[in-house]
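Hi,

Here is the structure I promised to pass on. Have a look at it first, and then read my notes below.

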Amino acid sequence: MDAEFILASGYAAFLVSVSAALEAVARYTHRRAQTSSTQGFTYVPENDLWRCPSGQHLHRESYDETFRIARYRAQPHHCNNCTMKSRCTDSNSGRVLEHQPESWVQSGMRRFHRGMSLTLLALAAMILVIEIVRQQQRPEQIFIAGFLLCLGLAGIRLASSLRTQS
């Protein structure tokens with residue numbers, strides 16, 4: 001086997017693995033941010049409100065269309081008289097909970113992360129296209145073509161999620 005073929009394929013595989021790791025870390029971070037901001041609170045979808053650990057309700061106060069974030073607020077007198085206030089909020093105007101009702105794939109941050117992932121996949125594909133042209137041996141060309149096919153399918157899948165959720 002040619003050293004150039006091995007290096008090019010290895011580097012393309014490395015870029016694909018970095019892309020996959022970026023996707024996994026981004027999903028994990030989004031999921032953790034969502035759960036940490038609402039820990040102990042329960043969403044009641046039929047009334048579009050959140051119930052705090054002491055049983056009080058946080059009603060929707062506003063919705064930011066740009067960032068797609070809903071803001072819920074508890075009544076100040078409930079929070080100010082609550083025994084759990086020191087662990088929940090330091091605000092005298094009621095606990096505020098910001099929630100992004102959309103999944104990670106639908107969020108604004110996904111554009112950045114997906115764009116980075118797609119860029120890495122495109123770079124890997126570019127390296128492989130150059131290598132398939134330079135390669136003279138049929139087995140290596142077939143291997144690279146299969147690798148390119150997999151990259152193309154992954155890229156289409158990622159790109160289609162951007163288009164359908166925009």
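**What I found**

β2 and β3 run antiparallel, with 3 bridges joining them. Before going further, please keep in mind that this is a predicted model.

In that pairing, W50 sits opposite L58 in β3. The two strands make a hairpin with 5 residues between them, and G55 in the turn has a positive phi of about 95°. On the other side of the story, β3 also pairs with β4, again in the antiparallel sense, over 6 bridges. There, H59 stands opposite R73 in β4. β3 and β4 form a hairpin too, with 4 residues between the strands, and R68 takes a positive phi near 55° in it.

One more backbone angle to look at is in D48, which has a positive phi of about 50° although it is not a glycine. You'll find D48 in the loop between β1 (42-44) and β2 (49-51). With a relative accessible area of 22%, D48 is partly exposed.

**Salt bridges**

How many salt bridges does the structure hold? The count is 5, and I'll walk you through some of them.

Let's stay with the strands for a moment. R73, the residue opposite H59, also meets E61 in a salt bridge, at 2.6 Å from N to O. That pair links distant parts of the chain: R73 belongs to strand β4 (residues 69-74) and E61 to strand β3 (residues 57-64), and they are 12 residues apart. Both partners are partly exposed: R73 has 22% relative accessibility, and E61 has a relative accessible area of 41%.

R71 and E98 make another salt bridge with their side chains, this one at 2.7 Å from N to O. R71 is in strand β4 and E98 in strand β5 (residues 96-99), so this pair ties together parts that are 27 residues apart in sequence. R71 counts as partly exposed at 29% relative accessibility, and E98 is partly exposed as well, with a relative accessible area of 40%.

Now for the helices. R134 forms a salt bridge with E4, and their closest N and O atoms are 2.6 Å apart. R134 is in helix α4 and E4 in helix α1, so to speak a link between distant parts of the chain, 130 residues apart. E4 counts as partly exposed, at 30% relative accessibility.

**The helices and a surface patch**

α4 makes a neat check on helix geometry. At 1.5 Å a residue, its 26 residues should span 38 Å, and the C-alpha atoms at its ends are 38 Å apart, which agrees.

Which residues of α4 are buried? They are R110, H113, R114, S117, L120, L121, A124, I127, L128 and E131.

α4 has something to show on the surface as well. Y11, F14, V18, L123, M126 and I130 form a nonpolar patch there, and together they have about 530 Å² of accessible area. Helices α1 (3-37) and α4 (109-134) each supply at least two residues of this patch. Take F14 as an example: this residue is found in helix α1, and at 47% relative accessibility it counts as partly exposed.

**Cysteines**

I also looked for disulfides. A disulfide is a covalent bond between the sulfur atoms of two cysteines. A search of the whole structure finds 0 of them.

Why does C52 not form one? The closest cysteine sulfur to its own is in C82, 6.0 Å away, which is too far for a bond; the cut-off for a disulfide is 2.5 Å between the sulfur atoms. C52 counts as buried, at 13% relative accessibility.

C88 gives a similar picture: its sulfur is 6.1 Å from the closest cysteine sulfur, the one in C79, and that is too far for a bond. C88 counts as partly exposed, at 30% relative accessibility.

That's what I have for now. Happy to go through any of it with you.

Cheers

Definitions and conventions
Residues numbered from 1 in each chain as written. Predicted model: local features only at pLDDT ≥ 70, side-chain atom pairs only at ≥ 80, totals over all residues. Heavy atoms only, no water. Patch = residues over 30% accessible without salt bridge, like charges linked within 9 Å, V, L, I, M, F, W, Y side chains within 5 Å. Areas by Shrake-Rupley, 256 points an atom, 1.4 Å probe, with all protein chains shown as cover. Salt bridge = Lys/Arg side-chain N within 4 Å of Asp/Glu carboxyl O. Buried < 20%, exposed > 50% of the residue type's maximum accessible area, 1.4 Å probe, protein only. Expected span 1.5 Å × (residues − 1). Pairing = 2+ DSSP bridges.
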